[in-house]
Amino acid sequence: MGHWHPETGARALVFGDSQTEFVGEAVASRLRALGHSADVSVHKGHTSTRLVDDARAELGTSLGSADSYDLVYLFAGGNDARKTGQDFSSSVAELVQIFPTAPWWVGPAPQTRIGDMEYAASVWGSPPSSAEAFLGDKAQRREAYSAQLGPQVQAAGGRYLDLRHAGLGGTEQAPGVFFPDLADGVHVTGNTAEAAADWIVEQSAPGGSRAPVAMWIALGGGALALVALVAVVARRRRK
């Protein structure tokens, strides 16, 4: 584990598939605004298996060592869901366990109606057949995989953040699943990415409004908590 203390902030790694380029970069920006540092590594189109190889190749070379990070965010699983019939559970566990600090795994967002057909055509190389091209069976496969992924991450010792629970609103994209329409139907971009990043940082980062107290203590935040307590007591005594 890194050596976080209140004066210098935490050292964070934001690592994963193409969602890292959008939501991940927004998370990194917010961490820096809170006084932390953040390294970002994007691997478009990579499954959890390939991300294990990517992490082992980059940690200690182009990135810090695995034990130098106080906070780790993994964006992965969306490309796994596309590989029908393959079992990625061992790769999920291996990716989590590379890091001594339990990582926050941000699961894949739902597939949605396409919000911008012109943009989607530029992303996918040709115009999608319709705004519903990623719905139906494709969306339900994504949901089935996501339902398995969270428990796998937690069983391996990681912490799972499901964007379906971020309160982002939207319309029904799969049975019982509500989410904003994404511009290309898959990637979380624009205002939705910004709102998702706010939620992720609130849940996880020192300085985020809902970050667990235990994490503050584990990362060295106990000193800040003590200072805050002393200040409160002093104010009360002056009244």
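Colleague: What covers the buried residues of H2?

Modeller: This is a predicted model: local features need pLDDT of at least 70, side-chain atom pairs count only at pLDDT 80 or more, and totals for chains, interfaces and linings use all residues. Residues are numbered from 1 along each chain as its sequence is written, and side-chain values use heavy atoms, with hydrogens and water left out. Helices (DSSP runs of H or I, at least four residues) and strands (runs of E, at least two) are numbered from the N terminus, while buried means under 20% relative accessible area, exposed over 50% and partly exposed in between, with a 1.4 Å probe and protein chains only. Taking contact as heavy atoms within 4.5 Å, the cover of H2's buried residues includes S1, strand S2 (37-42), S3, H3, H4 and S4.

Colleague: What arc do the buried residues of H2 cover around the axis?

Modeller: On the other side of H2 from them, Asp-53, Arg-56 and Ala-57 are exposed. The buried ones are Ser-48, Leu-51, Val-52, Asp-54, Ala-55 and Glu-58. They sit on the same side of H2 because, going by directions from the helix axis to the C-beta atoms, their arc is only 165°.

Colleague: OK, and which elements do the buried residues of H4 pack against?

Modeller: H4 (residues 89-97) buries Ser-91, Val-92, Leu-95 and Val-96. Their arc is only 135° around the axis, which puts them on the same side of H4. The face turned away from that side carries exposed Ser-90 and Gln-97. The buried set packs against helix H2 (48-58), strand S3 (71-75), helix H3 (78-81), strand S4 (104-106) and helix H6 (137-155).

Colleague: Which element gives the most to the largest nonpolar core?

Modeller: A nonpolar core here is a set of buried Ala, Val, Leu, Ile, Met, Phe, Trp, Tyr and Cys residues joined through side-chain atoms within 4.5 Å. The largest one has 28 residues, and Val-27, Leu-31, Tyr-73, Leu-163 and Ile-200 have the most contacts inside it. Elements giving it two or more residues are strand S1 (11-16), helix H1 (19-33), S3, S4 and helix H7 (190-204). With 6 residues, the top contributor is H7.

Colleague: How many residues are in the second, separate core?

Modeller: Ala-55, Leu-74, Leu-95 and Val-153 are among its members. Two of these turned up earlier: Ala-55 as a buried residue of H2, and Leu-95 as a buried residue of H4. The size of this second core is 25 residues.

Colleague: Is Asn-79 buried or exposed?

Modeller: Asn-79 lies in helix H3. Leaving out residues up to four places away in sequence, Asn-79 touches Asp-17, Gly-45, His-46 and Thr-47. Its relative accessibility is 8%, so it counts as buried.

Colleague: What volume does the largest pocket have?

Modeller: On a 1 Å grid over the protein atoms alone, a pocket is an open set of points with protein on both sides within 12 Å along at least five of seven lines, a cavity is a set where a 1.4 Å probe fits but cannot get out, and lining residues have an atom within 4 Å of a point. The largest pocket is lined by 17 residues, with Gly-78, Arg-82, Gln-111, Arg-142 and Val-186 nearest its centre; H3 and H6 each supply at least two of the lining residues. Grid points are joined across faces, edges and corners, and a volume is the space filled by probe spheres set on the points. For this pocket that comes to about 340 Å³.
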